[in-house]
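Student: I would like to take a close look at a single part of this structure. Could you go through it slowly with me?

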Amino acid sequence: KEISSAKKSGLKIITLCDAEYPERLKNIPGAPIVLYIKGVMMPEDSSAIAVVGSRRASFYGLTKAFEFGLKLASLGFTVISGLARGIDTQSHQGALKSEGRTIAVIGSGFNNLYPAENLELAQEISRRGCVISEFPLEEKPLACNFPRRNRLISGLSLGVLVVEASNNSGALITANFALEQGREVFAVPGKIDSPNSSGSN
């Protein structure tokens, strides 16, 4: 039933044993056995940088996320993020603006895409890159799913850029996964008295 429903939704399911499974992801601890993909993964996606940060970002953070997404994609990097509000959304949109590639990794099943307001963005990303999930189609966007999602964002990337993040931000979870996985970690400096930049600083 799951396979049939995925096909009807235009999704491809690949497993850890398939040749097209991303090589970089295959080598992380706890690599997902199954990936659901909408869109197409390309060989050039091996040159990828993740751009992550706060859902409640400042205008400065949103602007920088868009600019980095735009510039990185224009230089030939695939921009990876988590489709969340704020920094993630802007980094995807910057990459799309440059007509480069971007990948969204989601923390739910495709039938419960979150946040719902980014459904149109997800569709655009799937046409110009891909959307990826390790979760079954009906999986809800539970809070416990997002740290799991974050290890894939870093696992698919050469490095992670934290644009704006508070001390308890999910973006710092992604940065910690990146360090554990031997990836580079970068941060955009923010105002020294801004709680939104305390984690990234």
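In which sense do strand S7 and strand S8 pair, and over how many bridges?

Tutor: This is a predicted model, and in it S7 pairs with strand S8 (residues 184-187) in the parallel sense, over four bridges. Within this pairing, Leu-161 of S7 stands opposite Phe-186 in S8. To get from S7 to S8 the chain passes through helix H7 (residues 170-180), and the β-α-β crossover made in this way is right-handed.

S7 also pairs with strand S3 (residues 48-52), to which it is joined by four bridges, and these two strands run parallel. Here Leu-161 appears again, since Val-51 stands opposite Leu-161 in S7; Leu-161 thus has Val-51 opposite it in one pairing and Phe-186 opposite it in the other.

Now consider the side-to-side pattern of S7 itself, which spans residues 159-162. Gly-159 and Leu-161 point one way from the strand, while Val-160 and Val-162 point the other way, and all of these residues are buried.

A last look goes to the cysteines. A search of the whole structure finds zero disulfides. Cys-17 is in no disulfide, and the nearest cysteine sulfur, which belongs to Cys-130, is 20 Å away, whereas a disulfide needs the two sulfur atoms within 2.5 Å. In their surroundings, Cys-17 is exposed, with a relative accessible area of 75%, but Cys-130 counts as buried, at 0% relative accessibility.

How values were computed
Residues are numbered from 1 along each chain as its sequence is written. This is a predicted model: local features need pLDDT of at least 70, side-chain atom pairs count only at pLDDT 80 or more; totals for chains, interfaces and linings use all residues. Side-chain values use heavy atoms; hydrogens and water are left out. Buried means under 20% relative accessible area, exposed over 50%, partly exposed in between (1.4 Å probe, protein chains only). Two strands pair if DSSP finds at least two bridges between them. A crossover is right-handed if, with the strands pointing away from the viewer, the path from the first strand over the helix to the second runs clockwise.
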